[in-house]
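User: Could you take me through the sheet in this protein and what packs against it? I would like a close look at that part, in terms I can follow on screen.

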Amino acid sequence: MKQAKYHILYVDDEARNLTVFKSSFRREYKIFLALSGQEGLEIMQNNEIHLVISDQIMPKMTGLEFFETVALKYPNIERVILTAYSDMKNIIKAINSCGIYRYIVKPWQKEELHLVMQEALERHQLKEDKAELLQQLQQQNESLEIKVKKRTLELEQNNLSLIAANQKLKDSQKKLNSLNQIKDKILSIVSHDVRAPLATLSGFIELFIQFQNSFSKVESLKVGKDIKYSVDNLRLLLDNLLTWSYAQIGNKKINIVSIPICQIIQKNEKLFRPTMEQKNLFFETELLTKPTYVDADENMLDFIIRNLV
């Protein structure tokens, strides 16, 4: 960055001094000139100034008084004061209160003043660079905080999703365990309920095979009907068991209707009578003369009575 970017305000009540200053430094800097402190404040109000150099002894407003106002309104602008030896004590006391960077004893020498100006402008540039870096750091911190908050929110959402997925997995496992228990129960019931009809069917078939040559036509027909009856009962039993299993796993709704319970009992009596007779067991029922109805699902009621038998 070239030095020409810097704007310097020189305040002095002697016009000749202003002319000399401008002719000495106009090639390197943009020079603003003022004959009084008040004029200098007006220039600063309308222009960007990086360094102010002011004479101390001026009418109406001294250099220190001028710098007191500058320090309040423009604290980041570097300040250099020109003074005579007789003012040294007052200048040294006022340096801290006015924030003066350096003082130069009049008459000033170009080389000395130029060096002080360069140092003051470097100091000013360092302040600006520091402020810019702090601003960038603050922006980066704010951006980082936003990113951290966003990432934290994403992690929280992911965590909630994982918790939901884990709960769903637990529910699925629980449902699977329940279905496995129902499956085992269904297999146990099917094994129990089908065994008796199969034994009856097997007995009729063995009887037919063993005595088929000695059976008359009427006897063969009777055995055939008994076999068909057993097969029909077995098919009906399997249908009932399948319907019941669907109801257990929630795939079939319970259908509540009014059912004559005597018919259900008689149907199961016919189903189990052949098997019971082979074991010398008897099936006795005491049915009411008046028809009795119950409100239930027919398949479920059939299943319950069959298991009681």
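**The sheet and its surroundings**

Analyst: Happy to. Let's start with one pair of strands: strand 1 (residues 7–11) and strand 2 run parallel and are joined by five bridges. To find the pairing by eye, look for L9, whose bridge partner in strand 2 is F32. Please keep in mind that this is a predicted model.

Now zoom out to the whole sheet. It is open and has five strands in the order 2-1-3-4-5, with parallel pairing. Strand 2 (30–34) and strand 5 (102–105) stand at the edges; each has a single partner strand, so one side of each is left without a neighbour in the sheet. From one strand to the next, the twist averages 20°.

Next come the helices that lie on this sheet. Helix 1 (residues 15–25) packs on the sheet and touches strand 1, strand 2 and strand 3 (51–55). The direction of helix 1 makes about 175° with that of strand 2. Helix 3 (residues 63–73) also packs on the sheet, where its contacts are with strand 1, strand 3 and strand 4 (78–83). Here the angle of about 175° is between the directions of helix 3 and strand 4.

Which residues of helix 1 are buried? They are N17, L18, F21, S24 and F25. These residues cover an arc of only 135° around the axis, which puts them on the same side of helix 1. R16 and T19, on the other side of helix 1, are exposed. A general point helps in reading such a pattern: an α-helix has 3.6 residues a turn, so residues three or four places apart point the same way.

Helix 3 can be read in a similar manner. Its buried residues are G63, L64, F66, F67, V70 and A71. Their arc around the axis is only 150°, which puts them on the same side of helix 3. Turn to the other side of helix 3 and you find L72 and K73 exposed.

With those helix faces in mind, let's look at the nonpolar cores. The largest one has 21 residues, and those with the most contacts inside it are L9, M44, I49, V52, F66, F67 and I100. At least two residues of this core come from each of strand 1, strand 2, helix 2 (37–46), helix 3 and helix 4 (88–98). Helix 3 gives the largest share, four residues. F66 is a good residue to click on: leaving aside neighbours within four places in sequence, its contacts are L9, V11, G37, G40, L41, M44, V52, S54 and M61. There is also a second, separate core of 19 residues, and Y10, I31, L82 and L113 are among them.

One more residue brings us back to the end of helix 1. H114 lies in helix 5 (residues 110–211) and is buried, with a relative accessible area of 18%. Not counting residues up to four places away in sequence, H114 touches F25, E28 and Y29. With E28 there is a polar contact, side chain to side chain, at 3.0 Å.

Finally, two loop details are worth a glance. In the loop between strand 3 and helix 3 sits K60, which has a positive phi of about 70° although it is not a glycine. K60 counts as exposed, at 90% relative accessibility. In the loop between strand 5 and helix 5 you will find P107, and the peptide bond from K106 to P107 is cis, with omega near -10°.

Definitions and conventions
Residues are numbered from 1 along each chain as its sequence is written. This is a predicted model: local features need pLDDT of at least 70, side-chain atom pairs count only at pLDDT 80 or more; totals for chains, interfaces and linings use all residues. Side-chain values use heavy atoms; hydrogens and water are left out. Two strands pair if DSSP finds at least two bridges between them. Axes are lines fitted to C-alpha atoms, for helices over the stretch in contact, and angles run from 0 to 180 degrees between N-to-C directions. Contact means heavy atoms within 4.5 Å. Buried means under 20% relative accessible area, exposed over 50%, partly exposed in between (1.4 Å probe, protein chains only). The arc is that of the directions from the helix axis to the C-beta atoms. A polar contact is a pair of N or O atoms within 3.5 Å; within protein, one must be able to donate a hydrogen and the other to accept it, and residues adjacent in sequence count only if both atoms are side-chain atoms. A nonpolar core is a set of buried Ala, Val, Leu, Ile, Met, Phe, Trp, Tyr and Cys residues joined through side-chain atoms within 4.5 Å.
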